[in-house]
Amino acid sequence: MLGAERYYILREAGTERPFTSALLNEHRRGIFSCAGCARPLFSSATKFESGTGWPSFWKTLPGSVSTRADHSLLMERTEVLCERCGGHLGHVFDDGPRPTGLRYCMNGLALNFQTA
Ligand SMILES: [Zn+2]
């Protein structure tokens with residue numbers, strides 16, 4: 001149901017190539033939800049231009065994700081997963097903008113967008 005590319009991201013913790021997501025340039029008001037289970041994850045109000053090539057947000061919708069330590073690639077990172085289906089969404093870093101200082105670095109393929 002997911003398609004090979006989305007499956008690779010969500011179920012095998014893959015990472016899409018930067019600057020490939022159509023959601024990078026999505027600036028309309030709306031909600032970004034999990035591509036695996038449709039759980040609403042992010043509001044467009046918290047999306048920002050990080051320059052990384054991946055859709056970036058400074059806050060999740062309440063209770064929508066869980067996190068865990070990720071030691072792969074010889075780096076200390078914090079993995080972000082969908083709270084409902086456990087799908088891999090991306091990682092969160094502490095170099096984001098105010099007010100949270102967080103940068104949720106998401107795979108566009110892990111998300112679907114719906115206008116408000
Ligand atoms: Zn999900």
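Visitor: Which residues lie nearest the centre of the largest pocket?

Guide: In this predicted model, the largest pocket encloses about 190 Å³ of space. Its lining is made up of 15 residues, and by class these divide into seven nonpolar, four polar and four charged residues. Those that lie nearest the centre of the pocket are E5, E16, T20, S21 and L109.

Visitor: Which element gives the largest share of the lining of the largest pocket?

Guide: Two elements give two or more residues each to the lining of the largest pocket, namely strand 9, which covers 111-115, and helix 1, which covers 4-12. The largest share amounts to four residues, and the element that supplies these is helix 1.

Visitor: How many aromatic pairs does the model hold, and which residues form the aromatic cluster?

Guide: Counting rings whose centres lie within 6.5 Å, the model comes to four aromatic pairs. One aromatic cluster is formed, and its members are F32, F42, F57, Y104 and F113.

Visitor: Why does the pair of F42 and F57 count as stacked, rather than edge-to-face or tilted?

Guide: The ring centres of F42 and F57 are 4.1 Å apart, and the ring planes meet at 15°. Since planes under 30 degrees apart fall into one class, while those over 60 are edge-to-face and the rest tilted, the angle of 15° makes this pair stacked.

Visitor: How many residues apart in sequence are the parts that F42 and F57 tie together, and are these two residues buried or exposed?

Guide: F42 belongs to strand 2 and F57 to strand 4, which spans residues 56-57, so the pair ties together parts that are 15 residues apart in sequence. As for their surroundings, both F42 and F57 are buried.

Visitor: Is T46 buried or exposed?

Guide: T46 is found in the loop between strand 2 and strand 3, and, leaving aside residues up to four places away in sequence, T46 touches S56, F57, W58 and K59. The relative accessible area of T46 is 8%, and because the cut-off for the lowest class is under 20%, T46 is buried.

Visitor: Which residues does R39 touch, not counting residues up to four places away in sequence?

Guide: R39 sits in the loop that runs between strand 1 (30-34) and strand 2 (40-43), and at 17% relative accessibility this arginine counts as buried. Two cysteines appear among its contacts, and each of them, C34 and C82, is buried at 1% relative accessibility. With residues up to four places away in sequence left out, R39 touches S33, C34, P62, G63, S64, C82, E83 and R84.

Visitor: How many disulfides does the model contain?

Guide: A disulfide would need a pair of cysteine sulfur atoms within 2.5 Å. By this rule, the count of disulfides is zero.

Visitor: Is A38 buried or exposed, given its positive phi?

Guide: A38 has a positive phi of about 75° although it is not a glycine, and this residue lies in the loop between strand 1 and strand 2. Its relative accessibility is 51%, and because the cut-off for the highest class is over 50%, A38 counts as exposed.

Visitor: What is the relative accessible area of L74?

Guide: L74, a residue other than glycine, also has a positive phi, near 55°, and its place is the loop between strand 5 (65-70) and strand 6 (77-82). L74 is exposed, with a relative accessible area of 87%.

Visitor: Which peptide bond is cis, with omega near 5°?

Guide: The proline concerned, P99, is placed in the loop between strand 7 (88-93) and strand 8 (103-106). With omega near 5°, the cis peptide bond is the one from R98 to P99.

Technical notes: Residues are numbered from 1 along each chain as its sequence is written. This is a predicted model: local features need pLDDT of at least 70, side-chain atom pairs count only at pLDDT 80 or more; totals for chains, interfaces and linings use all residues. Side-chain values use heavy atoms; hydrogens and water are left out. On a 1 Å grid over the protein atoms alone, a cavity is a set of points where a 1.4 Å probe fits but cannot get out, and a pocket is an open set with protein on both sides within 12 Å along at least five of seven lines; lining residues have an atom within 4 Å of a point. Grid points are joined across faces, edges and corners, and a volume is the space filled by probe spheres set on the points. Ala, Val, Leu, Ile, Met, Phe, Trp, Tyr, Cys and Pro count as nonpolar, Asp, Glu, Lys and Arg as charged, and the others, Gly among them, as polar. Buried means under 20% relative accessible area, exposed over 50%, partly exposed in between (1.4 Å probe, protein chains only). Contact means heavy atoms within 4.5 Å. Rings of Phe, Tyr and Trp (its six-membered ring) pair if their centres lie within 6.5 Å; planes under 30 degrees apart count as stacked, over 60 as edge-to-face and the rest as tilted.
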